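This report is a guided reading for someone who meets the structure for the first time. It begins with a pair of residues, then follows the strands outward and ends with the relation between copies.

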Number of protein chains: 4
Amino acid sequence: MTGTPHRFLYRVRFRECDPMGIAYHVHYLDWFEYARTEALRDAGMPYKAIEDGGLTLPVTHLEIDYKESARYDEEIIVETTPELSASTVRISCHYRVLKAENEQLLATGRVDLCFFDPKRGRPVRAPEKVVKVLSSPS
Amino acid sequence: MTGTPHRFLYRVRFRECDPMGIAYHVHYLDWFEYARTEALRDAGMPYKAIEDGGLTLPVTHLEIDYKESARYDEEIIVETTPELSASTVRISCHYRVLKAENEQLLATGRVDLCFFDPKRGRPVRAPEKVVKVLSSPS
Amino acid sequence: MTGTPHRFLYRVRFRECDPMGIAYHVHYLDWFEYARTEALRDAGMPYKAIEDGGLTLPVTHLEIDYKESARYDEEIIVETTPELSASTVRISCHYRVLKAENEQLLATGRVDLCFFDPKRGRPVRAPEKVVKVLSSPS
Amino acid sequence: MTGTPHRFLYRVRFRECDPMGIAYHVHYLDWFEYARTEALRDAGMPYKAIEDGGLTLPVTHLEIDYKESARYDEEIIVETTPELSASTVRISCHYRVLKAENEQLLATGRVDLCFFDPKRGRPVRAPEKVVKVLSSPS
């Protein structure tokens, strides 16, 4: 999964657009969740499997830079590049949002998540399987 | 709590408005949840207490009639009149959404919820306390 | 478009699930919007074209009956059957939400929209093209 | 408005909580919008007045660090400290989210917005009134 970013195709919904006629800035974070979920699924490691294994993946940090607006009914590509920290406790997902039509860059972002054990109440190392998937070339 | 409806004052948020410059129709249901939560709290029976007692309150039916638009930054009143069914298994909340400025009617609606026991996997009678609160005049 | 319902395949998102671990009831209305948009697009009449023609399509009424819960990461089918009123001023969309795996019925619903001319401030008849599409067998 | 941060009291809603039973991370950004709107209103400069003056205020950058979870029905305080850039083209809002009960720090964040003239299609200096409000001690 290292190297090539995962691509998620999405169409901007009416409910996501604001009185300026453009996608409301907060919904980019929803798109990041959708893209991340599909990136993990396509890598053979669905988020639900991590959860069923007793761990959760809370978000610890996020940031976005907005370049251009996404408009109603427009198709966009959300690129996800996950990166495991050296300790394997944290995944950083790096994002680029592109207009599907011409690959114009609309936004860049990053979301950090940590593997968390709710029973012990603290961050833990990633499961072996996750480490294998995120270390192998995609 | 029978008789006089509970009033919840709310200001329409930017994120709730769509490209037509008005509140997106789905958010009325969010307002119903906010108003219902405060109506139950003010009646001395917070939703959280019902949940802590081991029951949930899933929505089984809802309906809305939209009359006029609610606009960005406008203050509205959400009126809730809860009504317990004869069997006490179901609460029907009757709603009116009014423009705060002149009490113009914007929408009417209804949301039905049932008392549900997740352990037994089926609807149950309302707890004694709820019956008492919802049967006494407000 | 009369007769056979349009089918929209969707996967329940994490952000749509509540502390009961199931899809929060309000999001069904979001899914109805997504399904309606794709039903109109597939019928050769994208919502954006109606809007570009100077009309809007506000929701005037909606209702849902919930039968069973939709769960996180589950695939669902949202069936839309649009029906034009005799006056052509209103479209009623009839919905069924099914579990994709076994077509178990999760919910039924209806959303009414009217063709509205913002310049004249009142409901109007549907454009000729819409009448043609919605009257022909699908 | 320089100096003392503005405080916005809020109660976490059921619809904002996820299957982990805590507020879904994206909703913190919604709270930032609510708090910012009230901070500007209390400073005598409602967002709507800026918009009515022909300008918009798109978000250009945001970031959040999450420390502890906010739980269902819990009261939180969202502190906003707005800061005008030297060129007056940009406002940076600095945020702290606190548990109301004991002022425990739940999250910190920042949202940058720029004054934008949609007719000229480019960022512009802040209106005189905004400069005055944001430069005076609160």
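In this predicted model, Glu79(A) has as its bridge partner Arg96(A), a residue of strand S4(A). The pair belongs to a longer run of pairing, for S3(A) and S4(A), the latter spanning residues 90-99 of chain A, are joined in the antiparallel sense over 9 bridges. Along these strands Thr81(A) also has a residue of S4(A) opposite, namely His94(A). The hairpin that S3(A) and S4(A) form has 5 residues between the strands, and Thr88(A) takes a positive phi near 65° in that hairpin.

S3(A), which covers residues 75-84, is also joined to S1(A), residues 6-11, by 6 bridges, and these two strands run antiparallel. Here Tyr10(A) stands opposite Ile76(A) of S3(A).

The pairing does not stop at the chain boundary, since 5 bridges join S2(A) to S2(D), residues 59-66 of chain D, again with the strands antiparallel. At this junction Leu62(A) stands opposite Ile64(D). The table collects the strand pairs described so far.

| Strand pair | Bridges | Sense |
|---|---|---|
| S1(A) and S3(A) | 6 bridges | antiparallel |
| S3(A) and S4(A) | 9 bridges | antiparallel |
| S2(A) and S2(D) | 5 bridges | antiparallel |

Taken as a whole, the strands make an open sheet of 10 strands with antiparallel pairing, in the order S1(A)-S3(A)-S4(A)-S5(A)-S2(A)-S2(D)-S5(D)-S4(D)-S3(D)-S1(D). Its edge strands are S1 of chain A and S1 of chain D, each of which pairs on one side only. Neighbouring strands of this sheet are turned by 20° against each other on average, with direction ignored.

The meeting of the two chains can also be described by residue contacts: 14 residues of chain A are in contact with 14 residues of chain D. On the side of chain A that touches chain D, the elements that give two or more residues are helix H1, residues 27-42, and strand S2, residues 59-66. S2(A) gives the most to this side, with 8 residues. By character, the residues of this side of chain A divide into 7 nonpolar, 4 polar and 3 charged.

A further relation links chain B and chain D, as chain B can be laid on chain D with an RMSD of 0.0 Å by a turn of 180° and a shift of 0.0 Å along the axis. The two copies are therefore related as by a two-fold rotation axis. In chain B, the C-alpha nearest this axis is that of Tyr10(B), 6.2 Å from it. The same surface serves both copies, as 100% of the contact residues of chain B recur in chain D.

Conventions. Residues are numbered from 1 along each chain as its sequence is written. Chains are lettered from A and ligands numbered from 1 in the order in which they are written. This is a predicted model: local features need pLDDT of at least 70, side-chain atom pairs count only at pLDDT 80 or more; totals for chains, interfaces and linings use all residues. Two strands pair if DSSP finds at least two bridges between them. Helices (H or I, at least four residues) and strands (E, at least two) are DSSP runs, numbered from the N terminus. Two residues are in contact if their C-beta atoms, placed from the backbone, lie within 7 Å. Ala, Val, Leu, Ile, Met, Phe, Trp, Tyr, Cys and Pro count as nonpolar, Asp, Glu, Lys and Arg as charged, and the others, Gly among them, as polar. Copies are superposed by least squares on the C-alpha atoms of residues with pLDDT of at least 70 in both. Axes are lines fitted to C-alpha atoms, for helices over the stretch in contact, and angles run from 0 to 180 degrees between N-to-C directions.
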